[in-house]
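Here's a quick briefing to read alongside the model. Have the viewer open as you go.

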Amino acid sequence: MTHSSPGTGTHGKAWRTTVPGSVDGTPLHLVDESHPVPAPGELLVSVQACGVCRTDLHVVEGDLPVHSPQVVPGHEIVGTVTALGVDTVTHFRVGDRVGIPWLRHTCGTCSFCAAGRENLCTTSRYTGWDHDGGFAEWVVVPADYALALPDGYSTAELAPLLCAGIIGYRALMLAELPPRGVLGLYGFGGSAHIVAQLARADGATVHVMTRDPVARDFALSLGMDSAQGTFAAPPQPLDAAIVFAPIGEIVPVALEALVPGGTVVLAGIYMTDVPALNYQRHLFHEKRLRSVEANTREDARAFLDICGRVRLQVQTTVYPFDRVPDAVRDLKHGRFPGAAVVVL
Ligand SMILES: [Zn+2]
Ligand SMILES: [Zn+2]
């Protein structure tokens with residue numbers, strides 16, 4: 001070889017999902033191994049921070065099928081480019097700060113990709129599920145799927161923007177909230193608290209339904225219009241609702257809270273079974289129910305562009321790298337408001 005393989009012989013630590021199972025056990029194990037070498041078209045990134053998303057919990061616990069045995073989870077990665085793979089053509093340079101999100105490959109040729117809907121690509125691949133993610137000191141990413149990051153945020157604040165923020169933004173777009181409309185948010189964690197601020201910045205009225213009294217106080221402190229329990233009726237009918245909590249029983253409750261023609265968006269990749277719906281109560285009057293699957297790169301860039309113009313408050317709970325399992329466990333049990341971020 002005439003080129004030097006970046007980082008050959010250098011080791012790094014990573015948390016691998018040895019056998020998926022309850023995070024109240026020990027599904028994650030810390031390993032020390034040779035760090036990845038970037039292939040042509042890829043960047044080698046030294047991880048500075050990685051957010052903890054509910055999807056990581058579903059990967060670690062086995063709610064999602066195994067796509068890559070012993071995968072390293074984590075897909076809200078902020079890091080520094082330290083090397084480029086051979087023949088990599090990109091505007092990113094060594095030393096740049098980049099974001100690495102969930103979406104890491106689409107085919108570019110299927111009917112969905114051709115229609116600008118690459119989030120539905122039939123052969124898409126994902127960071128921290130199909131390929132090792134950011135609960136590690138080093139990670140590689142295809143340069144075309146790395147993201148430039150806005151100024152004005154700390155490293156820890158940037159991490160939750162990269163999935164919680166982007167998916168929340170897509171959910172809000174799919175909600176098709178009318179100007180100065182009324183939005184309901186079910187659940188108020190890492191994604192919802194970002195969406196709530198986007199909607200408020202656009203003039204929406206925002207009602208929050210969540211089981212956690214601390215999260216309710218947090219919602220009110222961010223200027224939301226009301227906060228009540230998960231199954232309580234909001235103080236007025238909703239033009240749209242976004243369900244972040246992965247609890248199927250919320251779906252009929254949210255549909256019933258809508259105005260005619262309203263939309264319920266399900267923002268999670270996983271949800272417990274939805275109970276039987278009653279056509280008259282839940283669906284008639286042209287109510288719409290739709291899910292969100294991942295995001296396009298265009299969604300990501302549009303959202304991060306807004307973040308550069310509207311300074312969002314991103315509440316983070318920081319964990320050191322050696323406490324990754326605690327961070328995932330605390331997410332499961334709802335032990336912190338906002339978003340958990342592992343900082344290296
Ligand atoms: Zn495709
Ligand atoms: Zn995520």
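What follows covers a metal site, a helix and a surface patch.

This is a predicted model, where local features need pLDDT of at least 70, side-chain atom pairs count only at pLDDT 80 or more, and totals for chains, interfaces and linings use all residues. Residues are numbered from 1 along each chain as its sequence is written, chains are lettered from A and ligands numbered from 1 in the order written, and side-chain values use heavy atoms, without hydrogens and water.

**Zinc site**
- Cys107 (SG), Cys110 (SG), Cys113 (SG) and Cys121 (SG) are the protein donors of the zinc ion (ligand 1), at 2.3 to 2.4 Å (donors are N, O and S atoms within 2.8 Å of the metal, or 3.2 Å for Na, K and Ca).
- Angles between the 4 donor atoms run from 104 to 117°, so the arrangement is tetrahedral (four donors with all angles between 85 and 135 degrees).
- Cys110 sits in the loop between strand 6 (103–105) and helix 2 (111–114), and Cys121 in the loop between helix 2 and strand 7 (125–126), so the pair ties together parts 11 residues apart in sequence (helices are DSSP runs of H or I, at least four residues; strands are E, at least two).
- Cys110 and Cys121 are both buried (under 20% relative accessible area, with exposed over 50% and partly exposed in between, using a 1.4 Å probe and protein chains only).

**Helix 5**
- Ala215, Phe218 and Ala219 are buried in helix 5 (residues 213–221).
- Those buried residues fall within an arc of 100° seen down the axis, so they line one face of helix 5 (the arc takes directions from the helix axis to the C-beta atoms).
- Asp217 and Ser221 are exposed on the face turned away from the buried side.

**Strand 15**
- Leu289 belongs to strand 15 (residues 288–291).
- Leu289 counts as partly exposed because its relative accessibility is 36%.

Note on methods. Four donors count as tetrahedral if all angles lie between 85 and 135 degrees; four count as square planar and six as octahedral if opposite donors are over 155 degrees apart and all others between 65 and 115; anything else is irregular.
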